[in-house]
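Reader: Hi! I have a protein model open and I'm not sure where to start. Could you walk me through it?

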Amino acid sequence: MGIFQSVIDYILNLGSAIFVPLIILIIGLIARMPLKKAFMSAITLGVAFTGMSMVIGFMSDAVSPASEAMAKNTGISLPALDLGWTGAASITWSWSYAFVFFAVVLGVNFIMLLLNLTKTLNVDMWNVWGKALTAYLVYFISGSLVAGFIAAIVQVVLELKMGDMFQRHIQDLTGIPLVTVTHLMNISAVLMLPVNIVMDKIPFFNKKADTSALKAKIGIFSENSVMGFIIGVLLGFGAAYGVSGSLNLGIQVATAMALFPMISKMFMQSLSPLADAMSEMMKKRFKDREVYIGLDWPILAGRSEVWVTAIILVPVFIGYAMILPGNQVLPLAGIINYSIAVGGLLLTGGNLYRMITLGIIYTPLYLYGATYLAPVLTGLAKKTGAVDLKGGSITWSSIEGPEFRILFAEAANLNIVAIIGFILFIAMFIWLYKYMAKEPVPSARYEDVKS
């Protein structure tokens, strides 16, 4: 077992930019792609992931200090330190059972494919740690290791079904055939669904409002770089950066917003040949059955609606932290809430009016979720020694799926309210699945902005 864990640790240390393309290379060869073509697809995917990670990091490095300065200007001081996903990942990989979840993820996926319960093959092994984190949280809260493993299995199933339900919408948004996203952050769409359905009845929310459609209405101001510049400058003024600092932040955000769609095209260049090869193989062997390739969320990062929503919600996040009773978290490392932005993108088809409204309504869920989990993550950090606590408590302000993780953990504690809540959550997930099956793809939704 120690040797196996050492092998897993070595693979993880390669990083997702090596690990995921390696899997894609193997799948390409299995699908009978020529070696040269499969190798080029894998290399291009590695470049795309690396480039996207660099730009996301650049954006975060620019926005996070401004957010921290804005928070300090408010004078608020809250006890739980937001370490973001990196702190949670460090704790998770320090757990002795963490590496077992590779087998859990692969096993559940293959069984569901064999039984035709999913069309999604999840190759995003880098995010196995998210399933292990869920198991560890549930285990810590409930005291049941079995409940932890069951929670992880349920999460794998839900992620695969989300891959199925969102695939045609993701294909429409990205232009990449037979590719989907298998990340827990998409589950934010479950609780957003009722409000989105209410917005279906309101004319204002039924106009096309993605960045392309808005060009007809606001012209140059809908360009990625211009939107990024304006939002960055406003954020800079909110952080009291002054004119020079605000203009520099504006240029930094504009640069990232301009680069995102350029890099996203490389995902298409990489994955389209693989999708064609997989499609041909499945037609020959499984009577035209389709298989979707499940990947991490950055394949959606080229959609500027994600970034416009996430950055506009920064001051909203901080404002809620100041006024919500019982909140103990000042969002810093997790200040860019990808869960709300990406889940909102998939649910609404990139309608900015809806995405921003949903973000304003549902942001408190993450602060209260992070407040609840602060003693849990702090306890796990003490147990593993993975994070230096320095006498304080830690949490993650934009943790993905806080409702799923907390409800399951409390249900495992036989909390009757949580049991009912979890059953309702699963019922709402099924409702979302059926809703998205009927919903037109993003390019076919809403009225033209000119009408």
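Author: Happy to; we'll begin with the whole chain and then turn to a few helices and residues. Keep in mind that this is a predicted model.

Reader: Thanks! How many helices and strands are there in the chain?

Author: The chain has 16 helices and six strands.

Reader: And what does the chain span along its principal axes?

Author: The C-alpha trace covers about 60 × 55 × 40 Å. The radius of gyration is 21 Å, which agrees with the value near 22 Å that a compact globule of 451 residues would have.

Reader: What share of the residues is buried?

Author: Buried residues are 57% of the 451. As for contacts with a separation of 6 or more, 80% of them are between residues 24 or more positions apart.

Reader: What about the surface and the charges?

Author: About 18400 Å² of the chain is exposed, and carbon and sulfur atoms supply 67% of that area. There are 29 positive and 24 negative side chains, with the centres of the two sets 6 Å apart.

Reader: New topic: why is helix 13 said to be largely enclosed?

Author: Helix 13 runs over residues 338-348, and eleven of its eleven residues are buried, so the rest of the structure largely encloses it. Among those buried residues are Tyr338, Gly343, Gly344 and Thr348.

Reader: What covers them?

Author: The cover includes helix 3 (35-74), helix 7 (145-174), helix 8, helix 12 (304-323), helix 14 (352-384) and helix 16.

Reader: Can you show me a residue from one of those covering helices?

Author: Sure, take Asn196, which lies in helix 8 (residues 188-199). Asn196 is buried, with a relative accessible area of 0%. Leaving out residues up to four places away in sequence, Asn196 touches Leu347, Thr348, Arg354, Leu358 and Tyr435. Leu347 and Thr348 are among the buried residues of helix 13.

Reader: Nice, that ties in. And one from helix 16?

Author: Try Met436, which lies in helix 16. Met436 is buried too, with a relative accessible area of 0%. Setting aside neighbours within four places in sequence, its contacts are Met165, Phe166, Arg168, His169, Leu346, Leu347 and Arg445.

Reader: How far is Met436 from Gly350?

Author: Their C-alpha atoms are 14 Å apart, and 86 residues separate the two along the chain.

Reader: Switching again: how many aromatic pairs does a search of the whole structure find?

Author: The search finds 18. One of them joins Phe404 and Phe425: the pair is tilted, at 6.4 Å centre to centre and 40° between the planes. Phe404 is in helix 15 (residues 402-412) and Phe425 is in helix 16 (residues 416-438), so the pair ties together parts that are 21 residues apart in sequence.

Reader: Are those two buried or exposed?

Author: Both Phe404 and Phe425 are buried. Elsewhere, ring pairs link Trp95, Tyr97, Phe101, Tyr136, Tyr139 and Phe149 into a cluster.

Reader: Last one: which residues other than glycine have a positive phi?

Author: Examples include Asn116, with phi near 60°, and Leu178, with phi of about 55°. Asn116 sits in the loop between helix 5 (101-114) and strand 2 (120-122), while Leu178 is in the loop between helix 7 and strand 3 (179-181).

Reader: Is Leu178 buried or exposed?

Author: Leu178 is buried, because its relative accessible area is 11% and the cut-off for buried is under 20%.

Key: Residues are numbered from 1 along each chain as its sequence is written. This is a predicted model: local features need pLDDT of at least 70, side-chain atom pairs count only at pLDDT 80 or more; totals for chains, interfaces and linings use all residues. Side-chain values use heavy atoms; hydrogens and water are left out. Helices (H or I, at least four residues) and strands (E, at least two) are DSSP runs, numbered from the N terminus. The radius of gyration is taken over C-alpha atoms; the globule rule is 2.2 Å times the number of residues to the power 0.38. Buried means under 20% relative accessible area, exposed over 50%, partly exposed in between (1.4 Å probe, protein chains only). Contact means heavy atoms within 4.5 Å. Accessible areas come from the Shrake-Rupley method with a 1.4 Å probe; for residues, only the protein chains shown count as cover. Lys and Arg count as positive and Asp and Glu as negative; His and the chain ends are not counted. The place of a charge is taken as NZ of Lys, CZ of Arg, CG of Asp or CD of Glu. Rings of Phe, Tyr and Trp (its six-membered ring) pair if their centres lie within 6.5 Å; planes under 30 degrees apart count as stacked, over 60 as edge-to-face and the rest as tilted.
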